[in-house]
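Hi there,

Here is the structure I promised to pass on to you. My notes on what turned up in it follow right below.

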Amino acid sequence: MTVLLQRTYYEAGTPSALFCNGQFLGFAIELPWKANQRHISCIPEGVYPLKARYSEKFGPHLQVLDVPDRSLILLHPANDAQRELRGCIAPVTQLTGLGKGIHSKACLQKLVSLCYQAFDRNENVLLTIKS
């Protein structure tokens, strides 16, 4: 299964259109590109495996694996990249500004459901990020 983030870069944030197997699912918000610096930059474009992850803070969510020079990059709920993200990715139902969106939990739930079904079928789930 393929999850695609189609990015646009701005100084204040990095919004993306979010697709799953070619079907539009919503949007994503990230921090701006700052040369892959930890905690202040979105991650580089590329193809990354995803895996299921659970925490008390976020509940079921996803982890992005094999990110160069980074660790613990997650797809988790957030509606304001500057306030709530430190290099992670937040799916949102609607964009409300650069690095801002609404209904993140609902969009993440749709994505997690699709990905967890693929994991149950022993499919690899790959995140492709491009501009």
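β4 and β5 make a hairpin, with three residues between the two strands. Please keep in mind that this is a predicted model. The two strands are antiparallel and share six bridges; as one point along the pairing, Ala52 sits opposite Leu62 of β5.

β5 has a partner in β6 (residues 73-75) as well: the two run antiparallel and are joined by three bridges. There, Gln63 has Leu74 of β6 as its bridge partner. β5 is also mostly covered, with five of its six residues buried.

Back to the hairpin's connection: Glu56 lies in the loop between β4 and β5 (59-64). Is Glu56 buried or exposed? Its relative accessible area is 80%, and anything over 50% counts as exposed, so Glu56 is exposed. If you would like a distance to check in your own viewer, try Glu56 and Gln23: they are 33 residues apart in sequence, and their C-alpha atoms are 30 Å apart in space.

Asn36 is another loop residue I looked at, placed between β3 (23-30) and β4 (46-55). With a relative accessible area of 12%, which is under the 20% cut-off, Asn36 counts as buried. What does Asn36 touch, once its neighbours within four places in sequence are set aside? Its contacts are Ser41, Cys42, Ile43 and Pro44, together with Pro68, Asp69 and Arg70.

Now for the chain as a whole. Its secondary structure consists of two helices and ten strands, and from the N terminus the order is β-β-β-β-β-β-α-β-β-β-α-β. The radius of gyration is 13 Å, close to the 14 Å that the globule rule gives for 131 residues, so the chain is as compact as a globular protein of that length. Along the principal axes, the C-alpha atoms fill a box of roughly 40 × 30 × 30 Å.

A few totals may be handy for your set-up:

- Of the 131 residues in the chain, 48% are buried.
- The chain exposes about 6700 Å², and 51% of that area comes from carbon and sulfur atoms.
- Taking contacts between residues at least 6 apart in sequence, 49% join residues at least 24 apart.
- There are 14 positive and 10 negative charges, and their mean positions are 4 Å apart.

Happy to talk any of this through whenever it suits you.

Best wishes

Key: Residues numbered from 1 in each chain as written. Predicted model: local features only at pLDDT ≥ 70, side-chain atom pairs only at ≥ 80, totals over all residues. Heavy atoms only, no water. Helix = DSSP H or I, 4+ residues; strand = E, 2+ residues; numbered from the N terminus. Buried < 20%, exposed > 50% of the residue type's maximum accessible area, 1.4 Å probe, protein only. Contact = heavy atoms within 4.5 Å. Rg over C-alpha atoms; globule rule 2.2 N^0.38 Å. Areas by Shrake-Rupley, 256 points an atom, 1.4 Å probe, with all protein chains shown as cover. Lys, Arg positive; Asp, Glu negative; His and termini not counted. Charge placed at Lys NZ, Arg CZ, Asp CG, Glu CD. Pairing = 2+ DSSP bridges.
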